[in-house]
2 protein chains.
Amino acid sequence: MSLSMYQASVPGLIRGLNNLAAILDKAAAHAEAKNIAPEVFLQARLAPDMFPLVRQVQSVSDSAKGCAARLAGLEVPSYPDTETSFPELQERLAKTVAFLKGITPEQIDGSEERPITLKVRSREIHFTGQSYLLGFVLPNFYFHLTTAYDILRHNGVELGKMDYLGGV
Amino acid sequence: MSLSMYQASVPGLIRGLNNLAAILDKAAAHAEAKNIAPEVFLQARLAPDMFPLVRQVQSVSDSAKGCAARLAGLEVPSYPDTETSFPELQERLAKTVAFLKGITPEQIDGSEERPITLKVRSREIHFTGQSYLLGFVLPNFYFHLTTAYDILRHNGVELGKMDYLGGV
């Protein structure tokens, strides 16, 4: 058995999405227990020019669905970034997980050399499947997942590293 | 060409370590320009029960050297966690990069099924090389790297996502 592009991407992305869903459940319960409006957490950010929690969660979703679609050679599904509540964020994550679960290893395996082009602001970045996954998707996916966790920890939600790692 | 355990681990870890070194250089320059004692940044944390910056950097180093050593079947080098300044953290990162650069693809490739056991607090966690890399090392490495970045952003250091991703 050797490492495959599918094994190196989809299962870890699904696990991260599910861990984030569990983290958001704890945040929602915390908000309710403390009688704090959920929007306070959804709009919380670590610096004035960083994204708030809601956008971090959307970015986790975007990173995961973009990866699975591009490696499989499919169009990236477009989800409107309209979530304004914890339940809506949960729906977004569940929809993303369902999309990833619908993609088979056969669709992704062998995509190491697939050319992938991203438009980031005004420029295009050219990757191979492998450099896109290892040098862009994984750092970026875990960046937004960690920052969502960090925002909630900074705001007093009781979470631990095992909530982030999940299922180790 | 197919994905190898070496390609999926060492190059990304080295890049993350180098990106963190550049981020810490910006933090040190910021501290000096604003006439703020470096210790203020080194001891900054996002929550009272989270690690401060210095420990986040040590954890990035630990995650990287642990991964490379364990996948290669070598003893994990032990570095004392005694850093108290930006230059000492830079030395730690440089020493970690040098260790990783000394490990060849031949030492790591084929480690997908290598049994790896971690002692985490009182329990042992059993992995294969592949589950250790994908389900533990990468989430953990990027967790500490992102949290170091988030601590500095929260404390006003001018950084952007490209400092974190580096070289994309």
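**Figure 1. A:S111, a buried serine in a loop of chain A.** In this predicted model, A:S111 has a relative accessible area of 2%, so this serine counts as buried. Its place is the loop of chain A that runs between α5 (105–108) and β1 (115–120). The side chain of A:S111 reaches back to the backbone oxygen of A:I108, at 2.7 Å. Setting aside residues up to four places away in sequence, A:S111 touches A:M5, A:L71, A:G129 and A:Q130.

**Figure 2. B:R114, an arginine in the loop between α5 and β1 of chain B.** Here we move to chain B, where B:R114 sits between α5 (105–108) and β1 (115–120). With a relative accessible area of 31%, B:R114 is partly exposed. If you leave aside neighbours within four places in sequence, two stretches of contacts come into view: B:R70, B:L71, B:A72 and B:G73, and then B:F127, B:T128 and B:G129. For a sense of scale, look for B:P77, which is 37 residues from B:R114 in sequence and 19 Å from B:R114 in space, C-alpha to C-alpha.

**Figure 3. A:S61, a buried serine in helix α3 of chain A.** Helix α3 covers residues 53–72 of chain A, and A:S61 belongs to this helix. The relative accessibility of A:S61 is 0%, so A:S61 counts as buried. Beyond neighbours within four places in sequence, the contacts of A:S61 are A:L17, A:Y79, A:R92 and A:T96. One of these, A:L17, lies 44 residues away from A:S61 in sequence, yet the two C-alpha atoms are 7.5 Å apart in space. Keep another of these contacts, A:R92, in mind for the next view.

**Figure 4. A network of salt bridges in chain A.** Side chains of opposite charge can pair when their charged atoms come close. The network shown here links A:R55, A:D62, A:K65, A:D81, A:E83 and A:R92. Within helix α3, A:D62 and A:K65 stand 3 residues apart, about one turn of the helix. Their salt bridge has its closest N and O atoms 3.3 Å apart. How exposed or buried are these two partners? A:D62 is partly exposed, at a relative accessible area of 25%, whereas A:K65 is buried, at 5%. Another pair to find is A:R92 with A:E83, a salt bridge whose closest N and O atoms are 3.2 Å apart. A:R92 has 1% relative accessibility and counts as buried; A:E83, at 11%, counts as buried too.

**Figure 5. A salt bridge between helices α7 and α1 of chain A.** The side chains of A:D163 and A:K26 meet at 2.9 Å, N to O. A:D163 lies in α7 (residues 161–165) and A:K26 in α1 (residues 10–33), so this pair ties together parts of chain A that are 137 residues apart in sequence. A:D163 is partly exposed, at 22% relative accessibility. A:K26 is also partly exposed, with a relative accessible area of 38%. Over all chains, the structure holds 16 salt bridges.

**Figure 6. Where chain B meets chain A.** At this interface, 38 residues of chain B are in contact with 38 residues of chain A. Together the chains bury about 3,600 Å², with 60% of that area on carbon and sulfur atoms. There are 2 salt bridges between the chains. One to look for joins B:R153 to A:D49, with the closest N and O atoms 2.9 Å apart. The interface also has 17 residue pairs in polar contact, both partners at pLDDT 80 or more. Which elements of chain B give two or more residues to the side that touches chain A? They are β2 (123–128), α6 (129–154) and α7 (161–165). Of these, α6(B) gives the most, with 16 residues. By type, the side of chain B that touches chain A divides into 20 nonpolar, 10 polar and 8 charged residues.

**Figure 7. Chain A as the setting for the close-ups.** Chain A has 7 helices and 2 strands, in the order α-α-α-α-α-β-β-α-α along the sequence. Its radius of gyration is 16 Å, close to the 15 Å that the globule rule gives for 168 residues, so chain A is as compact as a globular protein of that length. Along the principal axes, the C-alpha atoms of chain A fill a box of roughly 50 × 40 × 25 Å. Of the 168 residues of chain A, 55% count as buried. Among contacts between residues at least 6 apart in the sequence of chain A, 70% join residues at least 24 apart.

Conventions:
Residues numbered from 1 in each chain as written. Chains lettered and ligands numbered in written order. Heavy atoms only, no water. Contact = heavy atoms within 4.5 Å. Buried area = accessible area lost by both parts, 1.4 Å probe. Salt bridge = Lys/Arg side-chain N within 4 Å of Asp/Glu carboxyl O. Polar contact = N/O pair within 3.5 Å; in protein donor to acceptor, adjacent residues only side chain to side chain. Helix = DSSP H or I, 4+ residues; strand = E, 2+ residues; numbered from the N terminus. Nonpolar A, V, L, I, M, F, W, Y, C, P; charged D, E, K, R; others polar. Rg over C-alpha atoms; globule rule 2.2 N^0.38 Å. Buried < 20%, exposed > 50% of the residue type's maximum accessible area, 1.4 Å probe, protein only.
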